2 protein chains.
Amino acid sequence: MSESTPRRRDVTVADVAREARVSKAQAARALGGYGAVSDDVRERVMAAAEHLNYRPNELARTMNTGKSNTLGVVVGDIENPHFGLAMRGISDVAKAAGFDVILINTSEDVAAEVDAVRVLLDKRVDGLIVAPASRGDSEHLGRVLEAGRPLVLFDRKVDGLNVDVFAPDMTDVARESTEQLIAVGHRRIAFISTVDAEGPYREGMPLASSQVAERLLGMHLAFRHAGLCLNRDLIRLGAGDSESIAAITEEVLADGATAIVASDGLIALSVIETIQRLGLSIPDDVSFLMYDDFAWTKLTSPPLSVIAQPVYDIGAAAARAVILRIRGQVPRTSPEELKAVLVERGSIGAATAGDRQAMGASSAR
Amino acid sequence: MSESTPRRRDVTVADVAREARVSKAQAARALGGYGAVSDDVRERVMAAAEHLNYRPNELARTMNTGKSNTLGVVVGDIENPHFGLAMRGISDVAKAAGFDVILINTSEDVAAEVDAVRVLLDKRVDGLIVAPASRGDSEHLGRVLEAGRPLVLFDRKVDGLNVDVFAPDMTDVARESTEQLIAVGHRRIAFISTVDAEGPYREGMPLASSQVAERLLGMHLAFRHAGLCLNRDLIRLGAGDSESIAAITEEVLADGATAIVASDGLIALSVIETIQRLGLSIPDDVSFLMYDDFAWTKLTSPPLSVIAQPVYDIGAAAARAVILRIRGQVPRTSPEELKAVLVERGSIGAATAGDRQAMGASSAR
DNA sequence: GTGAAAGCGCTAACAA
DNA sequence: TTGTTAGCGCTTTCAC
C-alpha cells in the first residue's frame with residue numbers, strides 16, 4: 001500500500017482536500033468528525049485520506065482545541081511493583097475511556113517531580129495523576145490547578161491542596177496490627193522507614209509521607225489504648241541503602257525489639273536478610289510485619305504477614321476521578337472502598353521476653 | 001469542590017514583546033535563545049517574561065521545529081522490576097542529556113504496543129526505545145523508521161528490522177548453566193515460560209520472544225554437546241496464570257524432572273510455591289534456576305540461583321544510542337558489554353536419580 | 001452544506 | 001542587530 005508516499009512531507013488536510021476536490025475546511029470537518037458534512041463529501045474525503053495514508057497531526061489538533069486526550073501520571077518509583085500495579089489500574093480505566101496514558105518517573109526526587117509536572121503540563125495532558133514525593137511541597141501541584149487542569153493524588157496526601165486523594169487511611173490498620181502485636185506480648189516494637197526526617201523521631205513531627213505519619217499515629221493509638229508507652233527510640237526513619245538498614249536492624253534488636261515493622265519492600269528485604277544473618281528465627285526470636293503485599297512474601301519460610309492495600313483499585317479510582325473532572329463532572333469520592341488490611345501469614349508470634357533482651361550486648365549506644 | 005479556575009489565556013511571546021517594547025521576533029529570539037539579540041533587549045525581554053510569568057508553549061515550539069526533546073519508551077510490563085530498573089537506566093541517561101522521558105505500558109499486548117507507538121509518534125518524540133512484545137510484528141516499528149525517527153530496541157529482538165538491539169545474547173549463559181546442571185547429574189530438565197506458541201514445543205519453532213528462543217537454543221547446545229538428548233516434553237510454553245503454572249509444575253515433576261528452570265519471576269513464584277506445597281525440598285528433591293535476579297531471591301531458603309542480566313546498563317545503553325542517533329551520529333554498538341551471568345546461590349544440587357524418576361519418563365538415550 | 005479566511009503560539013526567511 | 005512576513009497543520013468563525 002505504501003509505495004507512493006515514501007519520505008515526503010507529511011500528508012495534511014490540504015492534500016486530502018485537494019484529492020477529494022473539496023475545501024480544506026470540509027475535509028477537516030469530515031476527518032475530525034465535527035462540523036456538518038454531506039455524506040457524499042465525507043465519503044470522498046475518507047477515500048482520499050485512505051488513499052494518501054493520511055494521519056492527523058495530533059499536535060496541531062491539540063494546539064487548537066487545548067485537549068490532548070491524554071492522562072499524565074507521575075510516580076516516584078516505578079521499580080516498586082506497588083506503583084506498577086497502580087499504573088495498571090490507571091491504564092485499564094483510561095484505555096476504556098479512550099485516553100492515552102503517559103508516565104514520568106521521578107525517583108522520589110522533588111525537583112524531578114516538579115520537572116515532570118511541568119513537562120506533562122507543557123504537553124497539554126488533559127489531567128494529571130500524581131503520587132506526590134513530599135507532603136510539604138505543593139507549589140508545582142498548585143500550578144496544575146491554576147492552569148485549569150484536573151489533578152488527583154494517589155498513595156499519599158499533600159498538605160494544603162484541595163484535591164481528591166486516593167489512598168487508604170492507614171491509621172486504623174496500623175492501630176489494629178499494633179494491637180495484635182501487643183496482644184501477643186510485644187512491648188518493644190520497631191518501625192523502620194526510608195522516609196527522611198529532621199533528627200530523631202518525636203511524636204507528631206512533620207513527615208514527608210502522609211502514609212508513614214498515619215502508620216505511626218496508629219501505633220501510638222494502640223499503645224495508648226493499651227495503657228502502654230511506645231518506645232520512640234525504636235522508630236527509625238531515614239533508613240537509606242541496605243547497609244544502613246542492616247545496621248539499624250541490628251541496633252533495634254540489640255535494643256530489645258521483639259517485633260520489627262518494615263515500612264516497605266526494600267526495607268523488608270534488608271531486615272530479613274539481617275535477621276537471617278544473625279541466626280535469629282522468625283517468628284520465634286523476633287516477629288516481623290511489613291507494608292505492601294508482594295508476591296514473594298508468600299515464598300519465605302515462614303511466609304510473611306503483611307499489610308495489603310488495594311493498589312490496583314486505588315489506581316483505577318484515581319483514573320476514574322480525573323476523567324470525570326476532565327469531563328466537567330464532580331466525582332463522588334467514595335474512598336471508603338479503599339481499605340488496607342492486615343494479612344496474617346506466619347511471621348508474627350508471641351514475644352519472647354527473656355532471651356535476647358539479655359544477649360543484646362553488641363552495639364547498644 | 002475546586003473553585004473553577006480563571007480560564008486566563010496563557011501569556012504568549014506577543015504579550016512579552018509588548019511589555020518589553022520590542023518586536024515579537026526579538027522577544028521570541030531572546031526567549032528561545034536562538035537568534036542574535038542585544039544585551040539590552042534580552043534583559044528587557046527576560047524581565048518582562050519574569051514579570052508576566054511567561055511559560056513557552058512547547059507544543060507550538062515542537063510544531064515548528066519538529067523536535068520535542070523527549071524520548072518515548074514502550075515496555076510490556078512495568079510491574080516487572082526488570083523493566084523498572086531498565087527504565088531507570090534510560091531516565092538517568094536521558095536526564096543527563098537534557099531529554100524528558102515518557103513511558104507507555106502495553107501489558108504485553110501487541111495491539112496496545114501498536115497504539116503506544118502511534119501515540120508517541122503523534123506526540124513527536126525525538127526517538128523511541130521499545131521492548132517489543134513480539135518478534136514477529138514489526139510493521140508499526142517499521143513505520144517509526146519511515147517517519148524518520150530514531151528507534152532502538154531493548155530486551156528482545158525483532159525479525160527483519162534493521163535497528164540497534166540492546167539485549168545480552170542468552171545463548172551462552174543458557175548453555176553454560178545447562179551444562180552445569182548436566183554436570184551434576186540432571187538429565188530431565190524442565191523449562192517453563194509464559195511465552196505463547198502454537199502447539200507443543202519443537203526445536204526451532206518460531207517463538208514470540210527472541211530471549212526465550214536463545215535460552216532454548218543454549219539448552220539444546222548443552223545437551224547436544226554432552227551427547228544427550230533434551231526432552232522436549234519438559235519444555236512448557238504458554239504458561240498463564242498461577243494455577244496453570246502450578247499444574248505444569250506438577251506435571252513436569254510427575255514426568256521425572258529433576259530440575260526446573262523458570263523463565264521469569266512470575267513463573268518462579270508459582271513454581272516454588274508448588275514445590276513447597278508438594279513437600280519437596282530445593283535442592284535436595286529438585287533443583288531450581290530462574291531468569292532475572294530479583295532482590296527477594298536471596299531471601300528464600302535456600303537462596304535461589306539465578307541468571308542475571310545487567311538490566312540498568314541495558315537501559316542506559318539503549319538511551320545513549322537513541323540520543324546519538326537523534327543527534328545524527330551513529331552509535332558504535334558495543335553490546336559485548338551486556339552479558340548475562342549465572343549467579344549460583346544454592347538452589348542447584350545434584351540430581352536425585354532414584355525416587356521420582358520411577359514414575360515418569362521413557363525415551364531418550 | 002460549503003468555503004474563505006482568521007487564528008493557535010511559535011520559529012524561520014528575508015529585508016532593512 | 002532588528003522588524004516584517006510567512007508559515008507549521010489544524011480548528012473555527014462567519015458569511016454565502
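Two residues count as in contact here if their C-beta atoms, placed from the backbone, lie within 7 Å. Keep in mind that this is a predicted model.

Let's start with B:Phe288, which sits in strand S9 (residues 287–291) of chain B. Ignoring neighbours within four places in sequence, B:Phe288 touches B:Ile260, B:Ile272, B:Ile282, B:Pro283, B:Leu304 and B:Ser347 by that contact rule. B:Phe288 is buried because 23 other C-beta atoms lie within 10 Å, and the cut-off for buried is 20 or more. B:Met63 is a long way off: its C-alpha atom is 54 Å from that of B:Phe288, with the two positions 225 residues apart along the chain.

Over in chain A, six strands form an open sheet with mixed pairing, in the order S7-S6-S8-S9-S10-S11. Strands S7 and S11 of chain A are the edges, each pairing on one side only. S10(A) and S11(A) run antiparallel and are joined by three bridges; in one pairing, A:Ile307 has A:Leu342 of S11(A) as its bridge partner. Helix H8 (residues 170–183) of chain A lies across S6, S8, S9, S10 and S11 of that chain, at about 35° to S11(A).

Now for the DNA. Among the 31 residues around DNA strand D, the nearest are A:Thr12, A:Ala28, A:Gly32, B:Ala25 and B:Ser38. H2(A) gives the largest share of this surface, six residues. Helices H2 and H4 of chain A and H2, H3 and H4 of chain B each supply at least two. By class, the surface near DNA strand D splits like this:

| Class | Residues near DNA strand D |
|---|---|
| Nonpolar | 14 residues |
| Polar | ten residues |
| Charged | seven residues |

Conventions. Residues numbered from 1 in each chain as written. Chains lettered and ligands numbered in written order. Predicted model: local features only at pLDDT ≥ 70, side-chain atom pairs only at ≥ 80, totals over all residues. Pairing = 2+ DSSP bridges. Helix = DSSP H or I, 4+ residues; strand = E, 2+ residues; numbered from the N terminus. Axes fitted to C-alpha atoms, helices over the stretch in contact; angles between N-to-C directions. Buried ≥ 20, exposed ≤ 12 C-beta atoms within 10 Å, placed from the backbone. Near = placed C-beta within 6 Å. Nonpolar A, V, L, I, M, F, W, Y, C, P; charged D, E, K, R; others polar.
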